[in-house]
Amino acid sequence: MQSDWRRTHHCGELRVSDTGKTVVLNGWVNSLRGYNQQVFVDMRDRYGITQAVFESDTVSQQKDLFQIAEKLGREFVIAVLGKVRPRLPGKENLDHATGSVEVLASEIRVLNQCPTPPFEVTEFPGEEIAGEDIRLQYRYLDLRRPSLQKILAMRHCMNKVIRDYLDRDGFLELETPLLGRSTPEGARDYLVPSRVWPGAWFALPQSPQIYKQLLMVGGYDKYYQIAHCLRDEDLRADRQPEFTQLDLEMSFVKQDDVLEVIERLTVEVFAKCVGAKIARPFTRLTCAEAMARFGSDKPDLRFAMEIVDLTDLGLKTEFRVFKEAVEGGGKLRGICAKNAAGRFSNTDLKPGGKLSDFVIQCGGKGLAWLKVENGKITSTIEKFIPKEVQEEMRARLGAVDGDLILLVADKEEIASQALGSLRIHLARQLGLLDGLSGQYQICWVVDFPSFIFDAEEKRWVANHHPFTSPREEDLGKLESDPGSVMARAYDLVINGYECGGGSIRIHDPEVQARLFSVLGMTPEQARHRFGFLLDALKYGAPPHGGIALGLDRWAMILAGTANIRDVIAFPKNQKARDLMTGAPASVDARQLKELGL
RNA sequence: GGGGGCGUAGCUCAACUGGUUAGAGUACCGGACUGUCGAUCCGGUGGUUGCGGGUUCGAAUCCCGUCGCCCUCGCCA
């Protein structure tokens, strides 16, 4: 019966030029419209929607044709054999590419039934789709939604463009193990117990970092891989425990060589996947500049609202908070929110108010403000600031009537970061990001410090990772002044998302050993943990460097969504659970016993 | 682990300051209808207001606890 039928066309394919053809369509019932003598069925597959018509007076080998059509339900899987005919004049449906034709059914097979779905698969513009947890629980139904299918097809496009581009450029796609060795530092590992070696554990890769460096030692001078990476850390709207990177490494290159490959690749991906033109070279900001101007090492450049330094003016006020912060070596900095004076009440701004609380959550001590309204400046701290200083602040921030100036005085790092977070927060509240779909602001952030001092552990930790090469000119102060050592590292930032990061690596075993030492490892510990790498570097490691791109975040940006789960077929929820399968779940006692657990 | 938000019909939401029998749209079921297309029209089913406790004459609403989901800080070399 069914086996002698073969799909001849998909549901987005038929046109008027196909008139008269006998066709077989397969698909899901998207919707039904019935009369007592006539039933219209919209059949859906991932290509589109085609209307099939069943008429009670159709002469067919199948006697029960109309009775079956009448009893169809949404999401039934059906095969329809019939003849293509143009729709009656004026009855075309321009919403669908196939809307000028329909298939007059002469036979139908119900390939599978479906109970009433827990939510509606059909999407309507401007209407809310079902809540996320129920969609994740029935992800296979959610995956039928055209918008999700479009995103996953776009990811396919990304992968294909990447592979085509890198292949053309002479890169080899090579695989690296999933079962590897746990390395300290960095993200928490997912661990896999060894049955053969009871008590010993594999770690799933946080990234193929060390393996790709070993491939460089092995002579594969241009490597890439679209790799799954796993990190057992808490989730965010743009973070999953399991995610996909374009991992790439090159030998005999300098930083600019890597950046150029990625810039050209980026231009191609954006052009081919979403039809966007990206200009290059990309903007480059040093880490210090990004922090000073935007309060973030992943600045969103789609809007201005830059941070302005007013430290010198802090001393010219009688406001104790400002003076004490500045005299203590801190900074006074501010941003100007355009046309926001009327948007925030004094209640929002004063201690305990929404904006003030926001700054405190960012680690700041509080928020000061000036409103420019009706040609004058008002503020609760107005009386502590001489008029000419107020005017100087207004001028430096470029504030005009209607604007709101927000000030934070604190240690430099806190002042910058708090204002950086506030900048993003305000942009969302003020709608500065609305209507920006299809706009992409891409930049490199470069010149990161190699080390950050971990106050809790009281030691230097690697800012990027411990294989990142310091700048050659900084090698001399590796031990004497680690805080001033700059790394040959770079991040790719798109619309405020960190979408990639990489570095030129250390290829000299002695430098690598020194770096481990700065991080507080004894030579014995370094040998125990990374002996294989130190050995490999000894045996003729070429200079090399590379980058990894977070493809899930790329997909988010290209798809215009703020939720990473929207671009992954089977994502985990915020608590790292798979609501569909129930993973993680307990296992049989026997399995544990075999593993010696 | 901390902070914030949410939880009402299968789904999306409403229900004023605590006050009648918790409503609407949609889905679903039944009926009418020969050109619909998010069909329409008529009728109907559907509720432990997440769960447990408390305050009250009276709780979806207030309080406490708990569970779940989302955002966020910490964390993410």
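Student: In this predicted model, what makes up the surface near RNA strand B by class: nonpolar, polar or charged residues?
Tutor: That surface has 13 nonpolar, 18 polar and 22 charged residues. Lys-91 and Glu-233 are among the closest residues to the strand. Both count as charged, because Lys and Glu belong to that class.

Student: Why does Gly-186 count as polar or nonpolar here?
Tutor: Gly-186 is also among the closest. Gly is placed with the polar residues, so Gly-186 is polar by this scheme.

Student: How many residues surround RNA strand B, and which are the closest?
Tutor: 53 residues surround the strand. The closest are Lys-91, Gly-186, Glu-233, Ala-462 and His-464.

Student: Which part of RNA strand B faces the protein, sugar or phosphate, or bases?
Tutor: Of the strand atoms within 4 Å of the protein, 55% belong to sugar or phosphate. The rest belong to bases.

Student: Why is the pair between Ser-31 and RNA strand B called a polar contact?
Tutor: A polar side-chain atom of Ser-31 lies 3.4 Å from a phosphate oxygen of the strand. The cut-off is 3.5 Å for N or O atoms, so the pair qualifies. Ala-237 uses a backbone N or O atom, 3.1 Å from a phosphate oxygen. Arg-239 has a side-chain N or O atom 2.9 Å from a base oxygen.

Student: Which elements give two or more residues to the surface near RNA strand B?
Tutor: They are β1 (22-34), β2 (38-45), β3 (48-55) and α2 (132-137).

Student: Now the helices. Why is α5 called roughly parallel to α15?
Tutor: The axes of α5 (residues 209-217) and α15 (residues 523-538) cross at roughly 25° and come within 10 Å. Angles under 35 degrees count as roughly parallel, so α5 is roughly parallel to α15. Their crossing is left-handed.

Student: What makes the contact of α5 with α15 nonpolar?
Tutor: The contact is made by Ile-210, Leu-214 and Val-217 of α5 and Phe-530, Phe-532, Leu-533 and Ala-536 of α15. By class, they divide into seven nonpolar, no polar and no charged.

Student: Why is α11 called oblique to α13?
Tutor: Helices α11 (residues 354-361) and α13 (residues 412-429) pack at about 135°, with axes 9 Å apart. Roughly perpendicular ends at 115, and roughly antiparallel needs over 145, so α11 is oblique to α13. The crossing is right-handed.

Student: Which residues meet there, and of what class?
Tutor: Leu-355, Phe-358 and Val-359 in α11 meet Ala-418, Ser-421, Leu-422, His-425 and Leu-426 in α13. The contact has six nonpolar, two polar and no charged residues. Ser-421 and His-425 are polar, because neither Ser nor His is listed as nonpolar or charged.

Definitions and conventions
Residues numbered from 1 in each chain as written. Chains lettered and ligands numbered in written order. Predicted model: local features only at pLDDT ≥ 70, side-chain atom pairs only at ≥ 80, totals over all residues. Heavy atoms only, no water. Near = heavy atom within 4 Å. Polar contact = N/O pair within 3.5 Å; in protein donor to acceptor, adjacent residues only side chain to side chain. Helix = DSSP H or I, 4+ residues; strand = E, 2+ residues; numbered from the N terminus. Axes fitted to C-alpha atoms, helices over the stretch in contact; angles between N-to-C directions. Parallel < 35°, antiparallel > 145°, perpendicular 65-115°, else oblique. Left-handed = near helix turned anticlockwise from the far one by under 90°. Contact = heavy atoms within 4.5 Å.
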